[in-house]
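Trainee: I have a new model to read, and I want the reasons behind the words used for it. May I ask as we go?

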Amino acid sequence: MGLREYVIRRLIQLVIAIFLFITIMFFIFRLMPGDPLSLVIEEFAIDPEARERLIKLWGLDKPPLEQYFIYIRNLLTGDLGVSFVYHEPVADVIISRKLLNTLALLISSHGMAMFLGMILGVWAAWRRGTAIDMAALTTSLILHSIPIFWLGIVFLMIFAVKYRLFPLAGTITPAKTFENIFEYIGDYLWHMFLPMMTITVIRLGSDFLIMRNTMISVTKEDYIVTAMAKGLPEKVIIWKHAARNAMLPIVTLAGLDMATVVSGAVLTESVFSWDGIGRLIYEAAIYRDFPVLQGVFFLIVVVVLVANFLTDLMYAYLDPRVRYE
Amino acid sequence: MSKETVLLVEDLHTYYFTLGGVVRAVDGVDLEVYRGELVALVGESGCGKTTLGYSIMRLIMPPGRIVKGKIILDGINILELDDEEMRDIRWRKVSMIFQGAMNSLNPVMKVGDQIIEALLYHNAISSVEEGRSIVKKLFELVNLDFERMNSYPHELSGGMKQRVVIAMALALNPDIVIADEPTTALDVTTQAKIMKMINDIRRKMGISIILITHDLPLVAEVADRVYIMYAGKIVEAADVYSMFKEPKHPYSQGLLSAIPSIKGPKRRLEGMPGEPPDLRKPPQGCRFHPRCAYVMDICRTKEPVLKPLASGTKRIVSCWLYDDSYSKGG
């Protein structure tokens with residue numbers, strides 16, 4: 001099978017998966033206990049006439065199948081409903097500064113963790129069994145088991161409260177006027193530093209462990225012995241022969257990680273009051289803002305499926321065997 | 001044939017320091033290889049043949065270590081070289097065809113590039129173009145289409161991969177090629193073709209080959225001399241004719257009687273009784289004595305020495321049965 005057929009087959013699978021998901025989501029929200037109306041109006045005494053008008057407006061008097069088709073049509077046209085809390089279209093609530101904030105925080109921290117984890121993992125695997133490898137292994141196991149919100153609070157206490165090096169909360173200094181864009185970016189990065197370090201440190205633990213372990217199993221492969229026997233320099237053996245083969249599982253992991261990248265880090269964003277999607281999910285759950293929750297889920301699923309698709313393409317590029325299987 | 005020594009191994013000890021104890025995989029081996037000859041190294045699985053081959057390449061990884069001995073290649077003791085000097089010698093003077101050539105190619109690199117790479121890092125070529133022309137010559141030598149150099153390993157059959165691996169081993173025109181069971185993973189007809197090819201190339205290029213194998217009919221066909229290895233030691237060495245005509249060591253006799261023959265009277269195949277010893281705790285005295293049919297008292301207590309059968313011959317054996325000092329003295 002050539003690369004083209006491979007891509008086409010994957011694309012068809014992608015469309016089917018998205019369609020299946022939105023169908024399941026429709027039924028899950030239908031199966032939830034209670035009347036959708038009660039979610040909006042339980043706290044207010046609403047007169048029956050207004051209630052009738054809302055039911056008509058939302059199409060809840062129509063048969064389920066028709067509701068399903070309206071739902072699909074709305075999704076396809078990007079109409080995700082109106083937020084109960086913000087009273088704005090859900091799409092506008094999600095695709096906003098919040099999404100940008102989350103992407104900035106998570107892409108930078110995951111990228112850094114992955115980059116460092118890969119380099120350190122390769123480096124430790126090549127020195128497996130030595131004291132320095134054992135130290136790195138122990139440290140990463142500890143990091144891997146630390147709760148992320150705890151580390152966030154510790155960072156806040158040390159660097160924001162005690163030494164006052166970084167701000168306590170938010171994404172930008174409130175009510176401050178900026179001379180130019182660079183000053184603004186500087187302030188933003190200054191706010192982002194602690195949450196970013198928190199996520200990086202925690203992620204680094206697992207990225208390092210995975211890279212080190214795959215690297216160790218790769219270095220036992222016959223072709224690595226061949227590379228050594230050929231008298232290649234150590235650097236070439238490590239990076240060109242071993243690391244490229246060991247990178248494959250990390251690429252998979254990066255694809256799966258996309259779910260976290262768009263859904264934000266709920267805990268970290270809450271600890272640092274980072275105005276992103278993670279905090280939006282948290283608030284939507286507290287205030288029962290179901291349209292927003294549904295919209296975020298939809299976004300997450302689409303991104304995850306597309307990311308998986310891209311991971312498969314990346315794989316086909318990195319490993320020529322994949323195209324033919 | 002001129003008798004120029006290319007490789008001399010003296011009193012080599014390679015041990016693996018495992019949690020379960022020290023495995024004495026190579027325990028005092030002497031070996032000599034002359035230019036242009038094919039030497040077979042024969043023994044059961046786990047007797048240390050492969051460890052010996054890896055020691056000559058200095059490819060023993062922890063927990064393994066070369067504890068003692070000399071490996072003199074072209075007059076240089078390679079055990080005294082630093083890592084960078086050794087890196088330069090690998091593949092240029094001694095290369096290897098690994099057991100299971102199927103897995104000895106990197107799955108994500110084109111096979112041609114894997115050969116060119118070896119040339120590049122030994123400064124044997126100044127450009128990739130030059131490398132291509134060398135690959136072309138090598139592929140002609142092993143009967144592969146030149147276009148195959150752009151294939152990935154999984155696109156080739158087992159026999160083709162084996163040819164690539166052989167071409168790769170010859171790339172830098174080494175003095176010695178260590179072929180570790182080069183044909184075990186192939187079907188019988190391919191085996192014969194590949195082995196014939198290796199032998200023809202050896203004659204054409206004047207390379208020495210150490211063939212590590214337990215395939216005795218193959219040894220009889222291609223080898224000049226044979227070393228028989230048992231439990232980390234060489235027990236007998238002879239030219240192939242004498243060895244097959246009249247094996248001296250009881251272990252060699254046992255090995256050779258285990259080959260079926262299509263000529264001559266029908267006979268029962270004789271297996272050898274017993275198991276090879278645990279190399280963490282080899283038996284006292286001669287390591288073969290628990291399985292030996294001719295065992296004597298001295299065999300249980302004192303280890304025999306590898307020495308010439310008669311003075312002035314190259315035929316050596318390590319067995320009390322042929323030791324004059326013992327039979328005369330006792």
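Trainee: What makes the crossing of α3(B) and α5(B) right-handed?

Mentor: The term needs the near helix to be turned clockwise from the far one by less than a right angle; anticlockwise would be left-handed. The α3(B) and α5(B) pair is right-handed, so here the turn is clockwise. Keep in mind that this is a predicted model: local features need pLDDT of at least 70, side-chain atom pairs count only at pLDDT 80 or more, and totals for chains, interfaces and linings use all residues. Residues are numbered from 1 along each chain as its sequence is written, chains are lettered from A and ligands numbered from 1 in the order in which they are written, and side-chain values use heavy atoms, without hydrogens and water.

Trainee: Why are α3(B) and α5(B) called roughly parallel?

Mentor: Their axes, α3(B) covering residues 111-120, cross at roughly 15° and come within 9 Å. Axes are lines fitted to C-alpha atoms, for helices over the stretch in contact, and angles run from 0 to 180 degrees between N-to-C directions. Under 35 degrees counts as roughly parallel, over 145 as roughly antiparallel, 65 to 115 as roughly perpendicular, and the rest as oblique. α3(B) and α5(B) therefore rank as roughly parallel.

Trainee: Which residues meet there?

Mentor: α3(B) brings Val111(B), Gln114(B) and Ile115(B); α5(B) brings Val164(B), Ala167(B) and Met168(B). Contact means heavy atoms within 4.5 Å. By class there are five nonpolar, one polar and no charged residues. Ala, Val, Leu, Ile, Met, Phe, Trp, Tyr, Cys and Pro count as nonpolar, Asp, Glu, Lys and Arg as charged, and the others, Gly among them, as polar.

Trainee: What makes α4(B) oblique to α5(B)?

Mentor: The axes of α4(B) (residues 128-141) and α5(B) (residues 158-170) cross at roughly 125° and come within 9 Å. That angle is why α4(B) is oblique to α5(B). On the α4(B) side, Leu138(B), Phe139(B) and Leu141(B) make the contact; on the α5(B) side, Val164(B), Ala167(B) and Leu170(B) do. The classes are six nonpolar, no polar and no charged.

Trainee: How do you know that Glu117(B) and Lys240(A) form a salt bridge?

Mentor: Their closest N and O atoms are 3.3 Å apart. A salt bridge is a side-chain nitrogen of Lys or Arg within 4 Å of a carboxyl oxygen of Asp or Glu, so the pair qualifies. It crosses between chains, from Lys240(A) in helix α11 (residues 234-263) of chain A to Glu117(B) in helix α3 of chain B. There are two salt bridges between chain A and chain B, and 29 over all chains.

Trainee: How much area is buried between chain A and chain B?

Mentor: About 2100 Å², with carbon and sulfur atoms giving 65%. Buried area is the accessible area (1.4 Å probe) that two parts lose on being put together, summed over both. In contact are 20 residues of chain A and 26 residues of chain B.

Trainee: How many helices and strands does chain A have?

Mentor: Chain A has 14 helices and zero strands. Both are DSSP runs numbered from the N terminus: helices are H or I, at least four residues, and strands are E, at least two.

Trainee: What is unusual in the backbone of chain B?

Mentor: Most residues other than glycine have a negative phi, and most peptide bonds are trans. Trp91(B) is not a glycine, but its phi is positive, about 75°. Trp91(B) sits in the loop between α2 (83-89) and β6 (94-97). Pro62(B) and Pro63(B) are joined by a cis peptide bond, omega about 10°. Pro63(B) lies in the loop between α1 (49-56) and β4 (64-73).
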